[in-house]
Protein chains: 2
Amino acid sequence: MPAAKDPANAIGPAIILVEPQLGENIGMVARAMANFGLSELRLVNPRDGWPSEKARAAASRADHVIDATKVFDDLASAVADLNFVFATTARERDGFKPVRGPVEAGRALRARGQAGLRTGILFGRERFGLYNDEVGLADEIVTFPVDPSFSSLNIAQAVLLMSYEWMKSGLAEETATNFSGPELVPATKEQLHSLFTYLEGALEARGYFRPEEKKPKMVDNLRAVLTRAGFAEPELKVLRGIISSLDRFSPAMPRGDGSPGDDPRRLPAARKRAADKES
Amino acid sequence: MPAAKDPANAIGPAIILVEPQLGENIGMVARAMANFGLSELRLVNPRDGWPSEKARAAASRADHVIDATKVFDDLASAVADLNFVFATTARERDGFKPVRGPVEAGRALRARGQAGLRTGILFGRERFGLYNDEVGLADEIVTFPVDPSFSSLNIAQAVLLMSYEWMKSGLAEETATNFSGPELVPATKEQLHSLFTYLEGALEARGYFRPEEKKPKMVDNLRAVLTRAGFAEPELKVLRGIISSLDRFSPAMPRGDGSPGDDPRRLPAARKRAADKES
């Protein structure tokens, strides 16, 4: 579970779409927002009106975002109550606006939200983005590090990236994940050496270490391979089970000898019998 | 322009979609990839076959990705030539796989690509993702820091985030942007004080500093406001132009006195005339 620094106080930015055309895009924006904990969507003059069933369908159950969406006649009204606003743009603009990447912008929004300021992010029309005078209503510009030879993010993709960076800015660590893999720390040497002893005993009984004078080098190699992997204790148990199983039911002593389960305490005897037959 | 650490050697991961259903989604995946410099798309048993005109339409000119897409009958074949594979999953799985966030995964893919290894990322079906045995074919798991109460990324969104993190891992700095704002470093104090002198002269001529005994405090306040903003030299020029313009064409001395342009060298005389009329 990612530990937000202050979930209670983390007021996210409003997402403001200027003259969006397609209901599907508005719905995908809502879905993107909801995945990363944003819920305040504002529309300036949506072409096909509001509410929109196409938007609701595309939102994929982000109904709380769709239901709370507000519509404005002009951009100035849509940002009137905000203290700090980013404009997203794919191309360079003249003027005095600082330009940020999404990581920096996410952190800036988080910091201002934590300070009690209301923030927002402007996203332009599907076809040509924001007019210069609309960018002028923002404090700073945010732009995405897209491939300059193929720069074609749609608004839902742009909203997704900003929502994601906003969420990330609240993680205690950048590498935090919602769930973790097992704690696979390397086992102790005693545990590893116990596997060596067991495996080498089984191999010795089968005559693996031949000729005899090569045995030291063969043991070295085998131990090196099993050491480099850095196996954890549960992994060593899996390996021991594998070796035990291979050891017991060899082609030379097929299944059916009556030995039950994989109780390792029974193994030396089983191994001895197999070795007797092979040698 | 973001400086990739080694654009020439940066071989990106293959994006592998397991049994994708909708051509539109495949197209949006291609578009997402192309924005962030990835081009190798592999499909395992796409439900509606391949090629797909719906995919091409949704790819929004990412034709180079669509044209190079390869189709495989099973996942093992799709990853056969790869050295290192991530599986994306939204839910926890049993097993020994390490779990990474997208930032860490992007860096891991970049590092392995730079070392000459071929890498890939698996994305599951629209409805239920990857089966456990499919996750088993991967080396590690990557998962997204979504809101646990609304976790609903579609495959194109998931591919977008991974492609974005892969691109970012190649930036010289995390805050690099494709273009920059102006270098707005605060002007020197001499430049700022020159504005003070000019502005205070204009205000003095208009009788702004009244009563006289309050002038020091008024000057302090005015200077404090203009200092805190940290204006850069070009901004000071804009302000000087504004002051100059206000100074020249006051209501008390309307436009039409013949003074041209905004040549600051002409201003003292203009200001003097206005002051004469007002006082």
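# A tour from helix α1 of chain A

Start by selecting the surroundings of α1(A): the elements that cover its buried residues include β1 (14-18), β2 (41-44), α2 (53-58), α3 (63-68) and α7 (155-169) of chain A, together with α7 of chain B. Keep in mind as you look around that this is a predicted model.

Now select the helix itself, residues 23-35 of chain A. How many of its 13 residues are buried? The count is 12, so α1(A) is mostly covered given that buried means under 20% relative accessible area. Colour these to see them: G23(A), N25(A), I26(A), G27(A), M28(A), V29(A), A30(A), R31(A), A32(A), M33(A), A34(A) and N35(A). If you like to check geometry, put a distance on the end C-alpha atoms of α1(A): they are 19 Å apart, which agrees with the 18 Å that 13 residues should span at 1.5 Å a residue. After the helix comes G37(A), where phi is positive, near 80 degrees.

Next, cross over to chain B and pick Q157(B), which sits in helix α7 (residues 155-169) of that chain. Is this residue buried or exposed? Q157(B) counts as buried because its relative accessibility is 6%. Show its contacts, leaving out neighbours within four places in sequence, and you will find M28(A), R31(A), A32(A), N35(A), L160(A) and S152(B).

Stay in chain B and select helices α8 (residues 189-206) and α9 (residues 215-228). They pack at an angle of about 135 degrees, and their axes are 11 Å apart. That angle makes α8(B) oblique to α9(B), and the crossing is right-handed. On the α8(B) side, display K189(B), L192(B), L195(B), F196(B), L199(B), E200(B), L203(B) and E204(B); the α9(B) side brings K215(B), V219(B), L222(B), R223(B), L226(B) and T227(B). By type, the residues of this contact divide into eight nonpolar, one polar and five charged.

Return to chain A for helix α10, residues 233-248. Its 16 residues reach 22 Å from first C-alpha to last, close to the 22 Å expected at 1.5 Å a residue. Which residues are buried in α10(A)? Select E235(A), L236(A), I243(A), S244(A), D247(A) and R248(A).

Finally, zoom out to the whole of chain A, where the secondary structure comes to 11 helices and seven strands. Of its 279 residues, 48% are buried. Among contacts in chain A with a separation of 6 or more, 79% join residues 24 or more positions apart.

How values were computed: Residues are numbered from 1 along each chain as its sequence is written. Chains are lettered from A and ligands numbered from 1 in the order in which they are written. This is a predicted model: local features need pLDDT of at least 70, side-chain atom pairs count only at pLDDT 80 or more; totals for chains, interfaces and linings use all residues. Side-chain values use heavy atoms; hydrogens and water are left out. Helices (H or I, at least four residues) and strands (E, at least two) are DSSP runs, numbered from the N terminus. The expected span of a helix is 1.5 Å times one less than its number of residues. Buried means under 20% relative accessible area, exposed over 50%, partly exposed in between (1.4 Å probe, protein chains only). Axes are lines fitted to C-alpha atoms, for helices over the stretch in contact, and angles run from 0 to 180 degrees between N-to-C directions. Angles under 35 degrees count as roughly parallel, over 145 as roughly antiparallel, 65 to 115 as roughly perpendicular and the rest as oblique. A crossing is left-handed if the near helix is turned anticlockwise from the far one by less than a right angle, and right-handed if clockwise. Contact means heavy atoms within 4.5 Å. Ala, Val, Leu, Ile, Met, Phe, Trp, Tyr, Cys and Pro count as nonpolar, Asp, Glu, Lys and Arg as charged, and the others, Gly among them, as polar.
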